[in-house]
Amino acid sequence: MDLPTLSNLLASTYNPDPNVQKAGELQLRKIGGQEGMVAALLQIIGNDSVELATRQAGAVYLKNRVASCYLLDTPQQRPDHTPFAPSDRNALKASILPLLAASPSKLITVQLASALKTAVQRDFPKDWSALLPEVKQMLNSSNIHEVSAGSVASLEMIRAFRFRQESDVLPGLVAELFPSLVTIASGLLSTPPANASAEIPFMLHMILKAYKTSIVLHLSAHQQNADSLVPWGRLLFQVVNLQIPKEAVPEDEDDRERSEWWKAKKWAYGILGRLFHRFGNPSQLPSSMQKDYGAFAQHFVTTFAPEIFNVYLRQIELFVSGQAWLSKKCQYQILTFFTECVKPKSTWVMLKPHFETLVSSYVFPQLSFTPARQEQWDIDPIDYVRTSVDEYENFDTPVSAATSFLFSLASNRTKTTFLPILAFINRVLQSKAAAPQRFGALNMTAALGPFIMRHPDVKNNMEQFMVQHALPEFSSPERYMRAIACEVLGTMEKAGMQWSGDEVLSRHFTAVAACLDDPELPVRIQASLALTEMITVHPSVKAAVAPQVGKVIQTLLKLSEETDLDILNACMETMVEQYHAELLPVAAELTARLCDTYSRLARDVAAAEQTSDREMDLDALMESDTGEDKTFAAMGVAKTIGTIVASVDSSPEILAQIQEIIIPIVVLTLENKLLDLFDNMYDLVDSLTFKMRNISPNMWPVFELTYKMFKSDAIDFLDEMLPSLDNFLSYGPDVFKARPDYRQMILEIYTTSINSEHLGENDAVNGCKLAEAMLLNLRGHIDDALQPIVTTAWPVLDAANTNTLRLANLEVLINTVLYNPAAALHIMENIRPGAARTFFDKWFEAINAENRLPRVHDKKLSIMALCALLEMDSAQIPDTVKEGWPGIVAGVLSIFKDLPKAIEARQALEDAFKADDDDSDGDVDDSKFFNLNEDDDDVWDEDSAYLEMLANEGARLREKSQRQAAGDDVSDISEETDIDEELGYLSPLEHVDPYISFKQALTAFQMKNAPLYQLATTSLTTEQQTLLMEVMRVAEENSAKAQSSQ
């Protein structure tokens, strides 16, 4: 295509007329795979005479084309996803560095950088050996634009390999590039910020980001060496200490936060924090990392950590005194470092003298009611609640870091810090400080609530604290004080608040109930949360709310619809659980309201996904939260609907009503391919179909959509789909018997689960369970499916790598024998002569081995299948297995020997499950919240142990991956987990009596094959004969009981 035409096409993609824009995009998609297209794009991007917006559109298109097609070696289904031609690859590699150096805008630089990273991932170093020398040459250039481009290229090369667990490429890049980068960065700082050109902070930002990116997983030997560590350390401290004059950055604080100078400082803080957290903290360093980083950690904690601490402390002092400004990200990094300093003895001794000052001068102001909070409340009260209630909403803010610091002090250095912190809170409240400061003290109290209510010296004083300091604030003229009073009450109730009498409890209940009608949204939400906790804990409160529960639910629904806050769904769940009897008459109406809310949220999520349905690299995906809040809110609503379903199962009529209301939201979710919500929807389908014990006519389209989704976008959702599919088979067998297409769908899901390269062994196990459900529920109606099932399962006999799949697959074949023994054995023999004998060998190996048929269902299935074999006519028995036929009786007896133990173990498991379910949350070990030791030794807590476990597991998996790559046998029996009873699974064999069935089969065996029967019974050992008589006795008893109960 000629350049003017291509330029016009690119220009049309940002035309204000959507029809022109769409036509241009379609035409670009049509011609995108043509050879020479990339070379033409590169010419347009680099042509100064072309309009800047067109060049930017070309850069965006190039980035997307590279992201989708550069890594391809074969064409994909989409016509615009054709692999790059070799000439286009060469053109890209030849042009991209010069284009970066000549880039006229940041937008073009960002797009080109992303394209470079993708090309590096595929071609470097093997097919792009010239890249590294070219980048090094740019870094050593006297042209600042080339040095800047070299910095960008260095970052993208590092990013391309940052997540490679085992790679010699990244350490090589670090050793080659970082000496030049640190020299460049140090030189940049020789120019005062006030006089610096725009390239200087940008390059500094890129260089520091490159270093931080390089230490995501590993710290190379080069970086651990003093020759690297010292100059980089000097640079980082220079950047942290750099005072940036006001004239060098924007006046607006949000814009200043995003400026290149403060981005550079953020990365400097981030590097120092990462070095200490992952590699330089010997007391918390996982054992699997000691070999690689133990010596470095000891050196870092003694040499660098004290300097970092002193520099950071000075920065906080300057910030608190108003002498210096700190961006929020930098504040977060500083407090995170201080939090890391709490556990190790070597850093705690430095922090200990300063913790009270840090709490009073920094943490307390962060948690007080600031002008920023006031502005947020005024402009967007919903967002105010979201950031103050949702702990995951803003995890990297100064407030969250200050709160984490408070938690760490309270839990890890309790003896030293906890009571002084509480004394500070009390001083603030008793001094009758201004409302914003009282808010801060109560906010700290709410944050420390779980610790306060478990501390033996404090928890008994909290009633007086609540009456004196919290209760008066419920009627405060300051709206935020009413909100924080509700929050403190809810936190204390959740943590186990005990009241001395009903009168004090009633006063607090009355106060929080009044706040449900507060004119301020955040107050109403906090009141709802607090009231929910009180209802859960106190029967008197539950009884008092009961007459008004409809109004409370309506309030919660209205709040939920206004805010889409997931936490309100948890409140509604609790209300439904606590008042299911009272809500039964309005359950259908409540469900309809919730389904309307879910539908709105689901449509918003679908729209957001369509808007963001464009090519994104990993970083863009990680940073994008498009529709995320709506998704979580929809999940919460679906969970509340599930709670309603669970609460009305005593009324089949209402449950049937509710099912018809719910089905449309399931269909909506599946049709719009909202994969994040599939789990919730299949939970609802499973619950409804299981509780109804039949399949509504309107539910069958859900089955059809499930098949359609499995065969397209949701192939890896079989785990979520399986319970529902099993219910369709169990409770809708008549429909399957009448619909060959439905039977074929189930068969295809099974064969795909076994044969698909995209699925793993867990999916294959699920597929086996589905095949078993089909064979057990559709007896006599799937004769045509028997051959594909046997031929699909047969190769897995030897290919399965785990005991779970070995058993699941074996039981598919056992089920085919139970379904039709003669046909199943005949099909096996057609696979290859002697195949039936191989199957019997595998089967009897499992029967005779310890715990290879561990569950009650496994044993009953094998007994029933062996009974079916005993009832076969002699002429139907394949010659290859006739010799071992008498051994079937001994096999059955071997299973019967262990069956009572398995039934007993299952019953014990059910009893234990019920006991666990009946318990409340149980007693939590308070010692897990505190460290009451008086010494200052290193602290090793549950978090430390968890990180140790993760690191060691990662090391084990990397070693296994390396052995696998080297061709070694990596099978590890020790990794196998026991196959446990599935208490939620109702087998179609549940009500079959194996004793009676065996007695009947043995009688048939005697009549049809007298010689084989004689041989089978006379070859039994004395112990087996005794067991046979016992089995016959039990069969007689069970048969008599069955007859008497009819």
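**Figure 1. Arg 693 sits in the loop between helix H38 (678–692) and helix H39 (700–710).** The model shown here and in the other views is predicted. Phi of Arg 693 is near 55°, a positive value in a residue that is not glycine. Arg 693 counts as partly exposed, at 42% relative accessibility.

**Figure 2. Asp 564 is a non-glycine residue with a positive phi of about 60°.** This residue is placed in the loop between H31 and helix H32 (566–578). Asp 564 has a relative accessible area of 12% and is therefore buried, the limit for that class being under 20%. Asp 564 also belongs to a network of salt bridges, in which it is linked with Arg 600, Asp 604 and Lys 630.

**Figure 3. Glu 561 and Arg 593 form a salt bridge.** The closest N and O atoms of the two residues are 2.8 Å apart. Glu 561 belongs to helix H31 (residues 549–563) and Arg 593 to helix H34 (residues 587–611), so the pair ties together parts that are 32 residues apart in sequence. Glu 561 is partly exposed, with a relative accessible area of 28%. Arg 593 likewise counts as partly exposed, at 28% relative accessibility.

**Figure 4. A salt bridge joins the side chains of Arg 482 and Asp 518.** The N to O distance is 2.6 Å. Arg 482 lies in helix H27 (residues 479–494), while Asp 518 is in the loop between helix H28 (502–515) and helix H29 (521–537), so the salt bridge ties together parts that are 36 residues apart in sequence. Both ends of the pair are buried: Arg 482 has 12% relative accessibility, and Asp 518 has a relative accessible area of 8%. In the whole structure, a search finds 39 salt bridges.

**Figure 5. Helix H46 (residues 803–819) and helix H49 (residues 856–870) cross at roughly 35°.** Their axes come within 8 Å, and the crossing is left-handed. On the H46 side, the contact is made by Leu 807, Glu 811, Ile 814, Asn 815, Val 817 and Leu 818. On the H49 side, the contact is made by His 857, Asp 858, Leu 861, Ser 862, Met 864, Ala 865, Ala 868 and Leu 869.

**Figure 6. Glu 811 forms a salt bridge with Arg 855.** The closest N and O atoms are 3.9 Å apart. Glu 811 is in helix H46 and Arg 855 is in the loop between helix H48 (835–848) and H49, so the salt bridge ties together parts that are 44 residues apart in sequence. Glu 811 and Arg 855 are buried. Glu 811 is also one of the H46 residues that make the contact with H49.

**Figure 7. The peptide bond from Phe 124 to Pro 125 is cis.** Omega of this bond is near 0°. Pro 125 is in the loop between helix H6 (106–123) and helix H7 (131–139).

**Figure 8. Leu 139 is a buried residue of helix H7.** The relative accessible area of Leu 139 is 4%. Apart from neighbours within four places in sequence, Leu 139 is in contact with Val 147, Gly 150, Ser 151, Ser 154, Leu 177, Ser 180, Leu 181 and Ile 184. The C-alpha atoms of Leu 139 and Ile 452 are separated by 57 Å, with the two residues 313 residues apart along the chain.

**Figure 9. Ile 31 belongs to helix H2 (residues 18–31).** Ile 31 counts as buried, at 5% relative accessibility. A distance of 79 Å separates the C-alpha atoms of Ile 31 and Glu 1036, which are 1005 residues apart along the chain.

**Figure 10. Tyr 946, Leu 947, Met 949 and Leu 950 make a nonpolar surface patch.** The area of the patch is about 390 Å². Met 949, one of the patch residues, is found in helix H52 (residues 942–965). The relative accessible area of Met 949 is 42%, so this residue is partly exposed. That value meets the patch requirement of over 30% relative accessible area.

Conventions:
Residues are numbered from 1 along each chain as its sequence is written. This is a predicted model: local features need pLDDT of at least 70, side-chain atom pairs count only at pLDDT 80 or more; totals for chains, interfaces and linings use all residues. Side-chain values use heavy atoms; hydrogens and water are left out. Patches are made of residues with over 30% relative accessible area and no salt bridge: like charges are joined within 9 Å, nonpolar side chains (Val, Leu, Ile, Met, Phe, Trp, Tyr) within 5 Å. Accessible areas come from the Shrake-Rupley method with a 1.4 Å probe; for residues, only the protein chains shown count as cover. A salt bridge is a side-chain nitrogen of Lys or Arg within 4 Å of a carboxyl oxygen of Asp or Glu. Helices (H or I, at least four residues) and strands (E, at least two) are DSSP runs, numbered from the N terminus. Buried means under 20% relative accessible area, exposed over 50%, partly exposed in between (1.4 Å probe, protein chains only). Axes are lines fitted to C-alpha atoms, for helices over the stretch in contact, and angles run from 0 to 180 degrees between N-to-C directions. A crossing is left-handed if the near helix is turned anticlockwise from the far one by less than a right angle, and right-handed if clockwise. Contact means heavy atoms within 4.5 Å.
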